[in-house]
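Trainee: I should be grateful for a close look at one strand of this model and at the elements that pair with it. Please then place that strand in the setting of the whole protein.

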Amino acid sequence: MYTEPGKTKFQIDLRRHLREQDICENLIHVICEIAEASKYVINAVRTGDLGVAGTSNLYGEEQLALDVLSDRIIKKRLIHTGVVCNIASEEMDEIYQAQAAADGLYSVAYDPLDGSSLVDVNLAVGTIVSIYKGCDLLQPGRNQVAAMYVLYGPRVSLVYSVGKGIYEFTLNQLMEFTLTRENVVMKPSGDIYSPGGLRNKYLPENEKFIRYLEDKGSKLRYSGGFVPDINQVLMKGKGIFMYPALQGSPNGKLRLLFELNPMAYLIEQAGGAASNGTIDILDIQPESLDHRAPVYIGCREDVEKAKEFLKGKAS
């Protein structure tokens with residue numbers, strides 16, 4: 001079949017695609033700068049020091065050198081966009097003001113290298129990004145104007161949404177992100193489950209939900225990395241990821257601002273759902289940079305079933 005030159009999906013690069021989404025130039029600039037930063041991050045992952053940097057982040061976790069380097073790479077690119085006012089990173093202890101508030105600016109929250117401890121055993125890791133209009137970062141995820149992640153695996157893929165569906169781009173040999181999947185859609189239910197947290201610390205309701213998934217034939221697929229596990233659920237269009245409340249950790253582990261909000265935004269754009277077991281992740285009002293919440297994210301019917309078990313309405 002005849003195809004107009006330059007119009008096949010593998011020839012559409014990220015910037016060109018963004019310009020077709022009818023969004024403002026400043027937002028295009030922010031997304032493209034993050035994409036550029038990711039090219040330096042993957043170079044650091046492939047060639048960088050895997051040792052400990054000798055510092056700890058806000059949450060008392062030992063920082064790896066790659067965490068620090070990735071954070072600096074992304075932060076520097078965001079500052080130099082000239083269109084970002086506030087920046088929050090999982091590796092910084094407070095919000096960084098890149099410039100004074102003004103019309104047309106954006107704020108960005110990101111996890112520079114989620115799962116960085118997996119690098120030294122050669123498992124996939126990723127960058128997660130949440131973008132808001134204006135300078136307020138502590139607002140419900142429903143207000144995001146864009147979200148994205150970059151997965152550093154056998155291939156480097158960038159998945160983003162500006163509220164108009166989900167698109168995947170892959171980094172080619174020329175170091176260009178080109179469109180590989182468009183309008184990704186999830187099925188109502190699936191047969192994959194990724195359970196985070198120690199199973200022996202699960203509450204009875206969550207244990208019953210896991211047994212329900214196993215009884216219906218769901219396959220365990222858990223890498224220990226949030227980005228690759230969500231990418232699997234999203235790109236296969238089926239399944240559920242969960243990191244529930246645990247005994248001694250009622251709020252789970254994952255952070256609302258840096259991990260849950262952007263992933264919930266993307267999953268909902270594909271027709272899925274994300275909940276803390278009571279309300280949608282995107283409707284939670286963050287109380288601090290360290291705000292954490294349990295999460296059930298993936299196919300809509302699977303998430304609803306999890307909520308039923310938590311309410312004691314399923315067996």
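Mentor: The model is a predicted one. I shall begin with the hairpin: six residues connect strand S3 to strand S4. S3 covers residues 84-89, while S4 consists of residues 96-97. The two strands run antiparallel and are joined by two bridges. One position to inspect is Asn86, whose bridge partner in S4 is Gln97.

S3 also pairs with strand S5, residues 106-114. Here the sense is parallel, and the pairing extends over four bridges. Ala88 of S3 faces Ala109 of S5 across this pairing. S3 thus takes part in an antiparallel pairing with S4 and in a parallel pairing with S5. In general, strands of a sheet pair through backbone hydrogen bonds, in either the parallel or the antiparallel sense.

As to solvent cover, six of the six residues of S3 are buried, and the strand is accordingly described as mostly covered. For the protein as a whole, 55% of the 315 residues count as buried.

Following the chain beyond S5, one comes to a loop that leads to strand S6 (125-133) and contains Asn122. The phi angle of Asn122 is near 65°, which is a positive value in a residue other than glycine. Asn122 is exposed, since its relative accessible area of 71% lies over the 50% cut-off. A second residue of this kind is Met175, in the loop between strand S9 (167-171) and strand S10 (177-182). Its phi is near 60°, again positive in a residue that is not glycine. Met175 is partly exposed, with a relative accessible area of 36%.

Another region worth setting beside S3 is an open sheet of five strands with mixed pairing, in the order S12-S11-S13-S15-S14. Its edges are formed by strand S12 (219-220) and strand S14 (273-275), each of which pairs on one side only. Within this sheet, strand S13 (residues 240-243) has Ile240 and Met242 pointing one way and Phe241 and Tyr243 the other, and all of them are buried. This agrees with the general pattern that side chains in a regular strand alternate between the two faces of the sheet.

S13 pairs in the parallel sense with strand S11 (residues 192-195) over three bridges, and in the antiparallel sense with S15 over four bridges. Phe241 appears in both pairings: Ser194 of S11 stands opposite it, and Ile297 is its bridge partner in S15. S15, residues 295-298, is in turn joined to S14 by three bridges, with the two strands antiparallel. In that pairing Ala273 stands opposite Gly298.

Finally, the overall setting. The protein contains seven helices and 15 strands. Its radius of gyration is 19 Å, close to the 20 Å that the globule rule gives for 315 residues, so the protein is as compact as a globular protein of that length. The C-alpha trace spans about 55 × 55 × 40 Å along the principal axes. Of the contacts with a separation of 6 or more, 62% are between residues 24 or more positions apart. The exposed area is about 13,800 Å², of which carbon and sulfur atoms supply 47%. There are 34 positive and 40 negative side chains, and the centres of the two sets lie 5 Å apart.

Definitions and conventions. Residues are numbered from 1 along each chain as its sequence is written. This is a predicted model: local features need pLDDT of at least 70, side-chain atom pairs count only at pLDDT 80 or more; totals for chains, interfaces and linings use all residues. Side-chain values use heavy atoms; hydrogens and water are left out. Buried means under 20% relative accessible area, exposed over 50%, partly exposed in between (1.4 Å probe, protein chains only). Two strands pair if DSSP finds at least two bridges between them. The radius of gyration is taken over C-alpha atoms; the globule rule is 2.2 Å times the number of residues to the power 0.38. Contact means heavy atoms within 4.5 Å. Accessible areas come from the Shrake-Rupley method with a 1.4 Å probe; for residues, only the protein chains shown count as cover. Lys and Arg count as positive and Asp and Glu as negative; His and the chain ends are not counted. The place of a charge is taken as NZ of Lys, CZ of Arg, CG of Asp or CD of Glu.
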